Amino acid sequence: MTAIGRGRISWFALFWIAALPVHVAHAQAALNSGDALVERRETKAWLSRIQEAASKRSYQGTVVVSSGSAVASSRITHHCEGRDQFERIDSLDGQARHVVRQNEKVHTVWPQRRVAMVERRDQLSSFPGLLQAGGDRVPDYYELHSAGQERVAGREANVLSLRPKDQHRYGYRLWVDKATGLLLRTEVLGERGGVLESAAFSDVAIGVRPSVDSLLQPIRKLDGFRVLQPVALATRLEKEGWSLSPKVPGFQEVSCVKRSADGPLRAQSPGGGPEPQMVQAVFSDGITYVTVFIEPYSAERHPRAMNTAIGATQTLMHRHADAWITLMGDVPAPTLRLFAEALERRQ
Amino acid sequence: MSERSDGKLPPMEDVSALIDGELDESAVARACAQWRDDPSAREAWHTYQLIGDVLRSDDLASTASRDNAFLASLRERLAAEPVVLAPQPMIAPTEILAQPAVVNGDAGRRHWRTPMAMVAGFAVVATVLVVTRMHGANDAEGVLAARGDSAAAILVSSAGTPPSGVGNLQAVDRQGEPAMILDGNLVRDARLDEYLAAHKKFGGSSGPGAPSGFLRNAAATAGR
């Protein structure tokens with residue numbers, strides 16, 4: 001009697017498993033399978049799915065980012081047409097600002113100040129190579145687990161938990177749209193599991209076809225605007241007389257540029273001699289990244305060493321011989337200290 | 001439900017369900033019609049209500065004559081109430097509320113009293129906001145300082161510094177020197193914002209596949 005009963009239950013369970021949508025069952029079972037190889041492959045598959053959805057889908061929505069005690073929302077429109085990507089981000093809080101990206105070319109427009117800035121993304125970093133380069137290493141340093149399903153911005157989402165395998169990095173919770181793989185919500189989790197920073201679509205439409213004209217509208221008429229074109233030159237830390245081999249496992253240098261130490265928005269005196277140069281190097285473990293800024297030390301510009309936290313971003317500033325070092329990273333403070341210790345002057 | 005509509009249940013079942021709020025829309029209409037047409041249903045209704053009242057409170061257990069007397073006097077007073085026939089001119093709803101019984105010169109005074117009260121209310125709110133803000137700043141500073149991380153801690157409020165979009169920043173000065181403080185607010189280092197913008201903009205975004213690093217940057221420097 002009991003044997004028959006048990007048999008019936010398992011048939012019942014089988015029925016339900018068969019009835020579930022294939023990808024859900026797949027995600028749940030494969031990610032939590034306990035087989036290291038399967039989990040590794042699945043982790044990579046999930047990350048590349050997320051990555052691809054963010055760049056190749058067309059979507060439009062409002063994203064709310066909260067970092068520490070600050071909350072800001074932006075309207076984002078992303079459009080992909082063949083190989084061309086268009087993206088427009090309008091900040092909805094504070095001063096009006098539009099960021100319009102056509103592939104690698106990025107315009108930032110402040111309509112009230114009548115200032116526009118034109119940059120090339122590939123000049124400053126190898127993004128999107130950033131994540132692709134690190135994607136293979138991610139399973140070495142993080143574990144991806146399925147954590148059920150939830151509804152976000154009116155859409156069904158798979159909840160994934162990305163847990164660090166060591167103390168050097170933060171964990172993440174990801175809400176991935178079931179139908180498209182678009183990331184609908186993310187949370188950065190601190191050492192004790194508290195949420196340090198979160199970003200979420202409050203509403204989103206996926207698969208819309210916005211007109212490219214309206215997307216590019218903020219950069220159509222820039223007559224009378226001050227147009228800034230900051231220049232950044234690709235370089236290597238070694239070439240600039242520095243070396244940094246990270247003591248933190250998993251981090252690799254993904255970009256290094258040399259640019260003016262003054263931000264482009266600062267008023268620059270035209271005949272004021274050579275401007276101080278700054279070296280900016282980015283290290284990534286495939287998920288998060290650390291930026292190292294190196295510039296000549298000046299007592300007036302760099303009054304004191306500092307250690308701050310804003311949301312998930314830690315900052316460490318201090319003097320190193322004749323240089324002023326600023327380290328920023330979305331990693332725990334001790335990780336930044338390890339980076340600071342690894343930085344060496346070669347000349 | 002189907003049994004009930006067949007009329008196989010005792011006729012007062014619907015009345016009881018009506019009292020308990022358990023009937024659906026069509027059944028409510030049917031029960032009300034029954035109440036209107038059938039004196040025994042009305043009697044049952046009264047009895048059920050009385051039972052409920054007594055269960056809730058002994059004070060509600062009264063004789064039917066008392067209820068009748070109350071009902072009769074209510075009807076009398078209702079009948080004596082004058083019927084307002086003159087149509088009211090369209091006025092802003094706030095004014096109707098503000099002067100329900102305009103009879104004489106009182107009206108003029110009531111007119112300005114409301115706005116004044118509102119102004120006073122705003123003033124109170126503003127004061128409370130200022131007070132809590134200051135308190136908040138001081139408290140937080142106290143808490144942070146009390147934590148005693150290797151050095152003095154200062155709470156930074158970004159209020160009043162236009163270039164910053166980052167809310168609160170907690171700065172731990174390594175050398176233990178107090179940082180610049182002005183009226184309880186630490187002056188935000190505009191340079192820090194520049195570093196932050198550069199870090200977030202071209203480093204990409206933290207976490208995989210967030211739409212763009214620019215998005216986080218947009219949030220970090222919303223005020224710029």
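User: What does it take for two residues to be in contact?

Analyst: Two residues are in contact if their C-beta atoms, placed from the backbone, lie within 7 Å. In chain B, among contacts between residues at least 6 apart in sequence, 37% join residues at least 24 apart; for chain A the corresponding share is 54%. The model is predicted, so local features need pLDDT of at least 70 and side-chain atom pairs count only at pLDDT 80 or more, while totals for chains, interfaces and linings use all residues. Residues are numbered from 1 along each chain as its sequence is written, and chains are lettered from A and ligands numbered from 1 in the order in which they are written.

User: How many helices and strands are there in chain B?

Analyst: Helices (H or I, at least four residues) and strands (E, at least two) are DSSP runs, numbered from the N terminus. Chain B has nine helices and four strands, in the order α-α-α-α-α-α-α-β-β-β-β-α-α along the sequence. Chain A has eight helices and 21 strands.

User: When is a residue buried or exposed?

Analyst: A residue is buried if 20 or more other C-beta atoms lie within 10 Å of its own, exposed if 12 or fewer, and partly exposed in between; these C-beta atoms too are placed from the backbone. By that count, 37% of the 347 residues of chain A are buried, and in chain B the share is 25% of 224 residues. Gly190(A), in the loop between E10 and E11 of chain A, counts as partly exposed because it has 14 C-beta neighbours inside 10 Å. Beyond residues up to four places away in sequence, Gly190(A) touches Tyr170(A) and Leu196(A).

User: Which residues touch the most other members of the largest nonpolar core?

Analyst: In soluble globular proteins, nonpolar side chains tend to be buried together. A nonpolar core is a set of buried Ala, Val, Leu, Ile, Met, Phe, Trp, Tyr and Cys residues joined through C-beta atoms within 7 Å. The largest one holds 73 residues, and Val176(A), Leu184(A), Val290(A), Val292(A) and Leu327(A) touch the most other members. Strand E11 (residues 195-206) of chain A contributes the most to this core, namely six residues. Apart from it lies another core of six residues, including Leu18(B) and Ala44(B). Setting aside neighbours within four places in sequence, the contacts of Leu184(A) include Trp175(A), Val176(A) and Phe201(A).

User: How many bridges join strand E9 of chain A to E10(A)?

Analyst: Two strands pair if DSSP finds at least two bridges between them. E9(A) and E10 (residues 183-189) run antiparallel and are joined by six bridges, one partnership being that of Leu174(A) with Thr186(A). Their hairpin has five residues between the strands, and there Gly181(A) takes a positive phi near 90°. Strand E8 (residues 155-164) is also antiparallel to E9(A), again with six bridges, and Ala157(A) stands opposite Asp177(A). A hairpin of six residues links E8(A) to E9(A). Of the seven residues of E9(A) (171-177), five are buried.

User: Which residues of helix H8 of chain A are buried?

Analyst: In H8 (residues 333-342), the buried residues are Thr335(A), Leu336(A) and Phe339(A). Seen down the axis, they fall within an arc of 100° (taken over the directions from the helix axis to the C-beta atoms), so they line one face of the helix. Pro334(A) and Glu341(A), on the other side of H8(A), are exposed. The cover over the buried residues includes strands E17 (289-296), E19 (313-320), E20 (323-329) and E21 (343-345) of chain A.
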